[in-house]
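Thanks for sharing this one. Here are a few points to read alongside the structure.

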Amino acid sequence: MIREFFYLQKSDRKVILTLLAVIVSAFIVIGVTGEDATTPTTAQQKKPRKFSKSRNEYYASYKPKKTELFPFDPNTADSTQLLRLGLQPWQVRNIYKYRAAGGIYRQPLDFAKLYGLTVKQYRQLEPYIHISNDYLPASSLANNETAHHHNLNPLKDTTTTTYQHPHKIKPTEHIALNTADTTTLITVPGIGPYYARKIVQYGHKLGGYVSIDQLDEIDDFPTEAKKYMVIDNPSTIKLNINQLSLNELRRHPYINFYMAKAITDYRRVHGSIKSLNDLRLIKDFTPDVIKRLTPYVAY
């Protein structure tokens, strides 16, 4: 075979030798550099990395055991307090960014603008938001000075009473549910202006409360607040179901469209209703419904 190689043309021998040289060089390069290229990578993989614990990692690793509710000022509360209140780490970061940019929470409703805060969360936190007087508008000082010149109490600032944290009643104290106004209701622990308005509004729709458990019919009502309320001498505004129209009947929270229509249809066919038991054969008037409606109807 070697002898045949020398019988090849000179140009063919040069091509073969060149290819052999290239192949040998490639093997040499791979053998020399391959080991050096892989060794550092392997060593680098085995070498443990050290990272400093950033603020993001701190928030991510923090997992509060349970939500705690306590008075706080969103202008000064630190990250630990905000996380204990049930806020998410990214919400806490947004609060810090807002304050760093010069943002100020001047009233509890300003805190509702926090991105990602749900209505339910805000309702729970609202009674505990306490804005310090240091963060109120400086114009309040001028109002105090004006009040002083008009012989008014200079310590009372009528423009800031909405922002002050109300005094809460003690566990042994109670309020009458049917006669309490919103000012009285916000003194109940867990009740803020939102729920105070809802309690009064729902009581008007019902025609008066006959049971404390009716507060559970308000969306997301804080059940722990019920123990501070009592019902003294319940008296309700009654609906005369023999005289009211369909639209008037359906305005009551316990009467829907189909129930109101059944009442008007019964009156048209059978005459006046003498008792809610007259409607017991209608599927919408179950025994529980009749019992619930009884304090609110007249004949």
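1. In this predicted model, the buried residues of α10 (193-206) pack against three elements: α7 (119-125), α9 and β2 (229-230). The residues of α10 that count as buried are Y194, Y195, A196, I199, Y202, G203 and L206.

2. How far apart are the end C-alpha atoms of α10? They are separated by 20 Å, and since 14 residues at 1.5 Å a residue should span 20 Å, the expected and computed spans agree. Just after α10 comes G207, and its phi is positive, near 95°.

3. Please also look at the loop that links α9 (182-185) to α10, where T187 is found. Is T187 buried or exposed? Its relative accessible area is 17%, so T187 counts as buried, the cut-off being under 20%.

4. The surroundings of T187 are worth a look too. Its side chain reaches the backbone oxygen of T184 at 2.4 Å. Once neighbours within four places in sequence are set aside, T187 is in contact with H167, K168 and I169.

5. Now for the chain as a whole. It has 13 helices and four strands, and 31% of its 299 residues count as buried. Of the contacts between residues at least 6 apart in sequence, 53% join residues at least 24 apart.

6. On the surface side, the accessible area of the chain comes to about 20300 Å², and carbon and sulfur atoms account for 55% of it.

Methods. Residues numbered from 1 in each chain as written. Predicted model: local features only at pLDDT ≥ 70, side-chain atom pairs only at ≥ 80, totals over all residues. Heavy atoms only, no water. Helix = DSSP H or I, 4+ residues; strand = E, 2+ residues; numbered from the N terminus. Buried < 20%, exposed > 50% of the residue type's maximum accessible area, 1.4 Å probe, protein only. Polar contact = N/O pair within 3.5 Å; in protein donor to acceptor, adjacent residues only side chain to side chain. Contact = heavy atoms within 4.5 Å. Expected span 1.5 Å × (residues − 1). Areas by Shrake-Rupley, 256 points an atom, 1.4 Å probe, with all protein chains shown as cover.
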